[in-house]
Amino acid sequence: MLLFTPGPTPVPERIRQVMATPTIHHRTPEFTKIFLQARKLLIELLKMEDAVVLASTGTGAMEACVTNLCEKKALIVNAGKFGERFVKIAQAFGKEVVELRYEWDTPAIVADVQKALEEHKDIDAFFIQICESSGGLRHPVEDIAAAIKAINPEISVVADGITAVGVEPIEVTNIDALITGSQKALMLPPGLAMVGLSSHAIRKIGDGEGFYFNLASELKKQREGTTAYTAATTLVIGLKEILTILLQEIGIDEIYDQTDRRATATRVALEALGLKIYPKKPANAMTAIIDDDAPKIRQILKNRYGVNIAGGQEHLKEKLFRINHMGIIEPNEAAWVVNAIEKALDDIGRRTYTGEANKIFNEIYFFEE
């Protein structure tokens, strides 16, 4: 079965093997060496001043950023399930929230953010997804972050890059916290979250807030080569290995290029079949298709053609299917996915199979400049 859900993504054999080596204790020179290597590579990937690794899912890192970087009032873009999660976290910790709501297919608008900051001058932190994965939407985070800093450089800009880091280049000049997770483009099992931090963020964190997700405690210990609490040793070993592959063996620019060609080829191939891309601004992490036959197509793909893709969430649960492009993916597997979708459309009587999707995918992936 080919796993093409936008997280968790398949874990490469080499990573599974290195994580299957005998367990080591997390307070040993042996683990410290691995941790520091992983940390150095992570900072290189994120291109931030510093970074912390947390034994949690990405939601834990979202919570850590809310508690440590928002002192009073948060401005939050909500265009899907994960923007909504930032709102719920902020409210759970008693923060005042100004919410900018959009349809799940619609990217945030710079002018809306500027207007909100003009009306609420006590906002001290801004939260947004780079890719809102519930709809496969790419927000113009870099433009919004630049506009915020032009108005007030003391506002912390927190970008959820859980489905964006390792997918495409991210301009981090005006971003103060960049969040990612292990089970997306980093191709690890779920359970590890990471946050890149700017010098502004480090200064604002100060002594930190909370206990387990106190970023000051973690920064102090992790700079020494350990963690404040028990490290997720196996996942850290996997992190060091996958970052070595991505950054030192393949090269991250090559990964970005492959992902971009895969995403473009998939979108064009599926549009040629008469399918409709859902978001107005698609992210490269995935292709999201809105279609009344989405559940039927997913079932045929899984039961007849050996492809597992994701459906939608909440009001789009029966309307959307989403295909992953994150990570290292063999072109023949990605081509098979669009081919299988064309076969499924033939199976339900929507069109006659001609192999057009596979042809288009290969033409774009291998031959377009």
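**Notebook: helix packing, cores and local geometry**

I began with the junction of two helices, where Leu246, Leu247 and Ile250 in helix 9 meet Ile252, Glu254 and Ile255 in helix 10. I note at the outset that the model is predicted. By class, I recorded 5 nonpolar residues, no polar ones and 1 charged residue in this contact of helix 9 with helix 10. I then looked up the geometry: helix 9 and helix 10 (residues 252–272) pack at an angle of about 100°, and their axes are 6 Å apart. Angles of 65 to 115 degrees count as roughly perpendicular, so helix 9 and helix 10 are roughly perpendicular to each other.

**Entry: the cores**

I next asked which residues have the most contacts inside the largest nonpolar core. They are Leu75, Phe126, Ile175, Leu178, Leu239, Ile242 and Leu243, in a core of 63 residues. Helix 9 (residues 233–250) gives the most to this core, contributing 9 residues. I also found a second, separate core of 31 residues, with Ile297, Ile300, Ile329 and Ala334 among its members.

I followed Leu75 further. Setting aside residues up to four places away in sequence, I listed its partners as Val98, Leu100, Val113, Ala116, Leu117, Ile123, Ala125, Phe126 and Phe127. Phe126 therefore appears twice in my notes: as a partner of Leu75, and with Leu75 among the residues that have the most contacts inside the largest core.

**Entry: Thr244 in helix 9**

I returned to helix 9 for Thr244, which lies in it. Is Thr244 buried or exposed? Its relative accessibility is 14%; the limit for buried is under 20%, so Thr244 counts as buried. Apart from neighbours within four places in sequence, Thr244 is in contact with Leu41 and Glu249.

**Entry: helix 5 against helix 6**

I examined a second helix pair. Helix 5 (residues 110–119) and helix 6 (residues 141–151) pack at about 25°, with 9 Å between their axes. Angles under 35 degrees count as roughly parallel, and this pair is therefore roughly parallel. I recorded the crossing of helix 5 past helix 6 as right-handed. On the helix 5 side, the contact is made by Val110, Val113, Gln114 and Leu117; on the helix 6 side, Asp143, Ile144, Ala147, Ile148 and Ile151 take part. By class, I noted 7 nonpolar, 1 polar and 1 charged residues in this contact.

I then asked which residues of helix 6 are buried. They are Val141, Glu142, Ile144, Ala145, Ala147, Ile148 and Lys149. What covers these buried residues includes helix 5, strand 5 (123–129), strand 7 (137–138), strand 8 and helix 7 (199–205).

**Entry: Pro169**

I located Pro169 in the loop between strand 8 (156–160) and strand 9 (177–181). Its relative accessibility is 55%, and over 50% is exposed, so Pro169 counts as exposed. Not counting residues up to four places away in sequence, Pro169 touches Arg138, Glu142 and Tyr256. One of these partners, Glu142, is a buried residue of helix 6. I also took the C-alpha separation of Pro169 and Ala90: 28 Å, for residues 79 apart along the chain.

**Entry: Gly83**

I found Gly83 in helix 4 (residues 81–92), buried, with a relative accessible area of 0%. What does Gly83 contact beyond four places in sequence? I listed Ile76, Val77, Asn78, Gln129 and Glu132. Gly83 and Asp143 are 60 residues apart in sequence, and their C-alpha atoms are 18 Å apart in space.

**Entry: backbone geometry**

I closed with the backbone. Most residues other than glycine have a negative phi, and most peptide bonds are trans. I recorded a cis peptide bond between Gly7 and Pro8, with omega of about -5°. Pro8 sits in the loop between strand 1 (2–3) and helix 1 (13–19).

I noted a positive phi of about 60° for Lys47, which is not a glycine. Lys47 lies in the loop between helix 2 (29–46) and strand 2 (50–54), and at 59% relative accessibility it counts as exposed. Glu314, also not a glycine, has a positive phi of about 50°. I placed Glu314 in the loop between strand 14 (310–311) and strand 15 (320–324). Glu314 is partly exposed, with a relative accessible area of 42%.

Methods: Residues are numbered from 1 along each chain as its sequence is written. This is a predicted model: local features need pLDDT of at least 70, side-chain atom pairs count only at pLDDT 80 or more; totals for chains, interfaces and linings use all residues. Side-chain values use heavy atoms; hydrogens and water are left out. A nonpolar core is a set of buried Ala, Val, Leu, Ile, Met, Phe, Trp, Tyr and Cys residues joined through side-chain atoms within 4.5 Å. Buried means under 20% relative accessible area, exposed over 50%, partly exposed in between (1.4 Å probe, protein chains only). Helices (H or I, at least four residues) and strands (E, at least two) are DSSP runs, numbered from the N terminus. Contact means heavy atoms within 4.5 Å. Axes are lines fitted to C-alpha atoms, for helices over the stretch in contact, and angles run from 0 to 180 degrees between N-to-C directions. Angles under 35 degrees count as roughly parallel, over 145 as roughly antiparallel, 65 to 115 as roughly perpendicular and the rest as oblique. A crossing is left-handed if the near helix is turned anticlockwise from the far one by less than a right angle, and right-handed if clockwise. Ala, Val, Leu, Ile, Met, Phe, Trp, Tyr, Cys and Pro count as nonpolar, Asp, Glu, Lys and Arg as charged, and the others, Gly among them, as polar.
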